[in-house]
Each structure stands twice: as C-alpha cells, then as structure tokens.
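User: Please take a close look at a single part of this structure. I would like one connected account of how that part is placed and what it is bonded to.

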Amino acid sequence: MESAAALVLAAAVLLLSSTLAASDFCVCRSDQPTALLQKAIDYSCGQGADCTSILSSGGCYNPNTVASHCSWAANSYFQKFRASGATCDFGGAATLSSSDPSFSGCTFPSSASAAGTTGTTTTTGTLSPGVGTGTGTNGTGMGSALSPPGTSNFDGAAAGLFPRAEPVIFLTVLLLSFLALP
C-alpha cells in the first residue's frame with residue numbers, strides 16, 4: 001500500500017510540476033479579427049498584466065501592431081496568473097506556443113516573476129497602436145475604441161480566463177486520501 005501511495009504522490013508531483021513549469025508562451029493569433037485582439041489587450045492590461053512595455057516609450061511598442069501588442073499583453077497576463085489556473089485563449093484570440101516570441105529589445109516573460117507580480121497602478125487611456133498613451137510604472141491600460149476609458153466589454157469568464165482550481169483540488173484530495181490509508 002505504501003508503494004502505491006508513493007507512486008501516486010510521485011505522479012501528482014510530476015504532473016503538477018510539468019504543467020506549471022513548462023516554458024510556454026501565450027501569443028495572439030494574427031488570423032483573428034483586430035477587434036477581438038484589442039479586447040484581449042484591454043482585458044489583460046485591465047486585469048493586472050504589466051503593459052508598460054507596449055506603451056509608446058516601451059521596449060515592445062514596435063512593431064506597432066495590434067497583434068504584436070496583444071501577444072505581449074496576453075502573455076504577461078498568462079504568465080502572471082498561470083499558477084492560479086489562468087488559460088491562454090482570450091475568446092479564441094490567443095494560443096500557446098513553445099517558441100519564444102522575444103525579439104531584440106523585447107523579452108517576453110516566461111514565468112510569473114518575470115511577468116511582474118508586483119502591485120499595479122491603473123492608467124487610463126488606450127493601448128491601441130498609434131496612440132500608446134499612459135503613464136505610471138507597472139501600469140495597466142484600459143479602454144479602447146471598443147470601450148470608453150476605465151471600462152471593458154470583454155467577458156473574461158466566458159473566455160475561460162479566470163483561474164480554475166478544480167484540477168489542483170482534485171489532485172490534493174486524491175493525494176490526501178492515499179496518504180490517509182493505513
């Protein structure tokens with residue numbers, strides 16, 4: 001019985017470590033409508049992603065395209081909240097990639113610590129290409145042509161962006177039940 005419990009424990013540790021430690025990047029799909037990509041930017045930046053790098057003075061502002069800015073914002077959000085169960089979908093706007101999308105002067109975060117887990121300062125204005133207004137450190141931009149500043153019409157719950165604890169709870173209960181066996 002002890003060997004079965006040890007086997008289950010080892011499997012659970014491997015499963016959790018591989019899903020939380022993989023170096024995946026969340027990148028936006030260039031084949032999606034610009035309006036959907038902009039919603040993903042607005043949601044990500046409004047919910048805690050570090051979007052200062054895609055402001056006009058940031059290292060990832062160029063290329064100045066919605067798809068490029070979307071990839072930065074979605075990846076920053078995904079890396080920051082991944083351990084809490086965040087997904088990389090954004091209503092079909094984004095997908096996971098094992099290829100690092102970083103380029104000269106712009107390094108995409110590959111972990112929560114690199115994504116800026118410090119507090120955020122809300123910045124109003126738009127993060128649309130060509131505008132790039134906003135101030136503050138580790139700020140979040142909100143608003144766009146799709147929504148007035150300070151609001152967002154992107155439904156994060158419907159897009160599957162909010163953290164899900166079910167797998168972690170299930171594995172914890174399973175592990176504890178095996179450990180409780182005589």
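**Strand β1 and its links**

Analyst: In this predicted model, Val-27 stands opposite Thr-95 in β2. That places us in strand β1, which covers residues 25-28. Its partner β2 spans residues 94-97, and the two strands pair in the antiparallel sense over four bridges.

Now the side chains. In a regular strand they alternate between the two faces of the sheet. β1 shows this: Phe-25 and Val-27 point one way, while Cys-26 and Cys-28 point the other way. All of these residues are buried.

Take Cys-26 first. Its relative accessibility is 0%, so Cys-26 counts as buried. Cys-26 forms a disulfide with Cys-88, with the sulfur atoms 2.1 Å apart. The S-S torsion of this pair is about 85°, so the disulfide is right-handed. Cys-88 sits in the loop between α3 and β2 and Cys-26 in strand β1, so the bond ties together parts that are 62 residues apart in sequence. Cys-88 is also buried, because its relative accessible area is 12%, below the 20% cut-off.

Next, Cys-28. A disulfide joins Cys-28 to Cys-70, S to S 2.0 Å. The torsion about this S-S bond is -60°, and the link is left-handed. It connects strand β1 with helix α3, and the two cysteines are 42 residues apart. Cys-28 counts as buried at 11% relative accessibility. Cys-70 counts as buried at 0%.

The strand also feeds the core. In soluble globular proteins, nonpolar side chains tend to be buried together. Here the largest nonpolar core has 28 residues, and Cys-26, Ile-54 and Phe-90 touch the most other members. β1, α2 and α3 (66-81) each supply at least two residues of this core. Helix α3 gives the most, with seven residues.

Helix α2, another contributor, has 13 residues, 34-46. It reaches 18 Å from its first C-alpha to its last, close to the 18 Å expected. Its buried residues include Leu-36, Leu-37, Ile-41 and Tyr-43. Just after α2, Gly-48 takes a positive phi of about 120°.

Cys-45 of α2 is buried, and so is Cys-51. These two form a disulfide, with sulfur atoms 2.0 Å apart. The torsion about their S-S bond is about -95°, so this disulfide is left-handed.

Finally, the whole set. A search of the whole structure finds four disulfides. With bonded cysteines counted along the chain, their pattern is 1-7, 2-6, 3-4, 5-8.

Conventions: Residues numbered from 1 in each chain as written. Predicted model: local features only at pLDDT ≥ 70, side-chain atom pairs only at ≥ 80, totals over all residues. Heavy atoms only, no water. Expected span 1.5 Å × (residues − 1). Buried < 20%, exposed > 50% of the residue type's maximum accessible area, 1.4 Å probe, protein only. Core = buried A, V, L, I, M, F, W, Y, C linked by side-chain atoms within 4.5 Å. Pairing = 2+ DSSP bridges. Disulfide = S-S within 2.5 Å.
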